[in-house]
Amino acid sequence: MRALLGVLVCSLTVLSVHGMYSASDDVIELNPSNFNREVLQSDSLWLVEFYAPWCGHCQNLAPDWKKAATALKGIVKVGAVDADQHKSLGGQYGVRGFPTIKIFGANKHKPEEYQGGRSSQAIVDAALSALRSLVKDRLSGKTGGSDYSRQSSGGSSGGNKKDVFELTDDNFDQTVLDSDDVWMVEFFAPWCGHCKNLEPEWTAAATQVKEQTNGRVKLGAVDATVQQGLASRYGIRGFPTIKIFRKGEEPEDYQGGRTRSDLVARAMDLYSDNAPPPELLEILNEDILKKTCEDHQLCVIAVLPHILDTGAAGRNGYLEVMMKMAEKYKKKMWGWLWTEAGAQMELESSLGIGGFGYPAMAAINARKMKFALLKGSFSETGIHEFLRDLSVGRGSTSTVGGGALPKIHAVEAWDGKDGVLPVEDDIDLSDVDLDDLEKDEL
């Protein structure tokens with residue numbers, strides 16, 4: 001009985017998952033602390049998988065990824081990043097789904113996307129093909145090795161100094177404070193040894209951040225020995241000092257590491273804060289439900305009242321609440337769906353919603369086939385409390401009816417308009433003999 005209760009109160013925990021690779025595997029576990037050292041500063045060819053432990057496709061890939069790593073040992077390095085735990089590192093390389101595989105070759109700052117098969121043989125073949133291309137480029141005199149090593153020896157830095165904005169007392173307010181973009185600003189002194197060490201990392205990070213954020217996060221630099229007005233204004237007492245500027249907010253001190261990887265990771269966090277929320281999709285067919293729920297750790301589904309019950313204004317009100325919650329929880333990388341009451345009865349039945357209590361909401365973990373129902377109000381406060389509990393591993397769950405995602409019917413998308421009652425044909429009673437009708441009834 002106790003074990004049964006334990007199953008009944010198990011939660012859709014986000015925090016208790018663990019990586020799929022161990023020290024006994026030939027797959028090298030990568031994270032923000034070692035990625036720069038292991039991959040970006042390496043002369044080796046790297047295949048890196050960005051995965052999430054809850055992702056079914058990632059779990060299916062793991063045995064072949066390990067097998068490929070063993071086959072390529074000493075030839076090509078094979079690594080893995082838990083991008084669910086290290087979201088900033090995944091974001092840095094534009095990871096939007098799992099698993100994503102990147103090939104880090106000659107230019108470590110522009111990895112190639114792997115589009116091949118998921119078998120160990122296909123992975124090995126792709127690695128050897130990339131290795132041949134790398135060797136051929138080196139034989140022909142094209143640049144190879146890590147950008148970092150060339151920068152340290154006085155060559156090209158892997159970044160463009162033009163991507164670091166030179167800020168002064170005269171241009172700071174207009175360039176930074178009035179900007180809608182986010183700024184990371186280094187206050188330095190030319191004689192400062194730590195500043196000299198930071199310069200190549202700052203430059204490389206500036207170029208990478210520009211590419212990754214489409215210029216929405218910018219890196220600048222202030223010579224505080226010359227621009228003394230700015231140094232005094234922001235209380236600069238030591239060098240280098242890095243501050244983060246967002247429009248309309250007080251500047252924030254940067255407390256992270258000083259490698260390009262650390263800087264880019266923080267910049268990507270800042271970018272995600274300003275990124276658009278996930279798309280809210282109507283369940284129109286089976287593919288939409290399956291892809292959304294299988295590609296995300298949780299999919300949040302709302303069943304809204306029939307359009308005849310609420311009209312367009314009422315429905316838009318419910319959708320607006322959902323979009324606000326999608327914005328609030330966008331860093332969770334959840335999927336967001338909605339359907340009209342009665343349109344997907346098998347789905348409602350599998351979630352225990354069935355026929356009443358609209359609007360309703362459920363959060364599904366498709367990997368575990370578990371779901372939780374919103375018990376509170378369908379409001380920003382009620383939904384926030386519901387999702388907050390799920391995100392920290394609280395809240396009771398149940399098994400999806402039938403143990404699998406239900407059948408979904410293809411439906412037409414809502415046109416955004418009020419509902420219209422069906423019009424029935426008028427009945428002509430002129431030819432009906434009421435006397436005969438009364439006799440039949442008797």
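Helices are DSSP runs of H or I spanning at least four residues, strands are runs of E spanning at least two, and both are numbered from the N terminus. On that basis the protein chain of this predicted model contains 15 helices and 16 strands.

**The whole chain**

Begin with the entire protein chain selected. Of its 442 residues, 45% are buried. The accessible surface amounts to about 22700 Å², and carbon and sulfur atoms contribute 50% of that area. Among contacts with a separation of 6 or more, 77% join residues 24 or more positions apart.

**First stop: α3 and α5**

Select residues 56-71, which form helix α3, together with residues 120-139, which form helix α5. Their axes come within 8 Å and cross at roughly 45°. Because angles that are neither roughly parallel, roughly antiparallel nor roughly perpendicular count as oblique, α3 is oblique to α5. The crossing of α3 past α5 is right-handed. To display the contact, show the side chains of L61, D64, W65, K67, A68 and A71 on α3, then those of S120, I123 and V124 on α5. Coloured by class, this contact comprises 6 nonpolar, 1 polar and 2 charged residues.

Now centre the view on S120, a residue of helix α5. Is S120 buried or exposed? Its relative accessible area is 12%, and S120 is therefore buried, the cut-off being under 20%. Apart from residues up to four places away in sequence, S120 touches D64, K67 and A68. These three residues also appear on the α3 side of the helix contact.

**Second stop: P251**

Move next to P251, in the loop between β9 (241-245) and β10 (252-253). With 28% relative accessibility, P251 is classed as partly exposed. Which residues does P251 contact, once its neighbours within four places in sequence are set aside? They are Y234, K243, I244 and F245. A distance may also be drawn here from P251 to M184: their C-alpha atoms are separated by 9.7 Å, although the two residues lie 67 residues apart along the chain.

**Third stop: α12 and α14**

Select residues 307-328 for helix α12 and residues 380-391 for helix α14. The two helices pack at an angle of about 40°, and their axes are 10 Å apart. This angle makes α12 oblique to α14. Viewed as a crossing, α12 passes α14 in the right-handed sense. Which residues meet where α12 packs on α14? From α12 come V321, K324, M325 and K328; from α14 come E380, I383, H384 and L387. By class, the contact of α12 with α14 holds 4 nonpolar, 1 polar and 3 charged residues.

**Last stop: Q344**

Finish at Q344, located in the loop between β13 (335-340) and α13 (345-350). Switch on the surface and look for this side chain: Q344 has a relative accessible area of 0% and is therefore buried. What surrounds Q344, leaving out residues up to four places away in sequence? Show I283 and T339, then K407, I408, H409 and V411; Q344 touches each of these residues.

Conventions
Residues are numbered from 1 along each chain as its sequence is written. This is a predicted model: local features need pLDDT of at least 70, side-chain atom pairs count only at pLDDT 80 or more; totals for chains, interfaces and linings use all residues. Side-chain values use heavy atoms; hydrogens and water are left out. Axes are lines fitted to C-alpha atoms, for helices over the stretch in contact, and angles run from 0 to 180 degrees between N-to-C directions. Angles under 35 degrees count as roughly parallel, over 145 as roughly antiparallel, 65 to 115 as roughly perpendicular and the rest as oblique. A crossing is left-handed if the near helix is turned anticlockwise from the far one by less than a right angle, and right-handed if clockwise. Contact means heavy atoms within 4.5 Å. Ala, Val, Leu, Ile, Met, Phe, Trp, Tyr, Cys and Pro count as nonpolar, Asp, Glu, Lys and Arg as charged, and the others, Gly among them, as polar. Buried means under 20% relative accessible area, exposed over 50%, partly exposed in between (1.4 Å probe, protein chains only). Accessible areas come from the Shrake-Rupley method with a 1.4 Å probe; for residues, only the protein chains shown count as cover.
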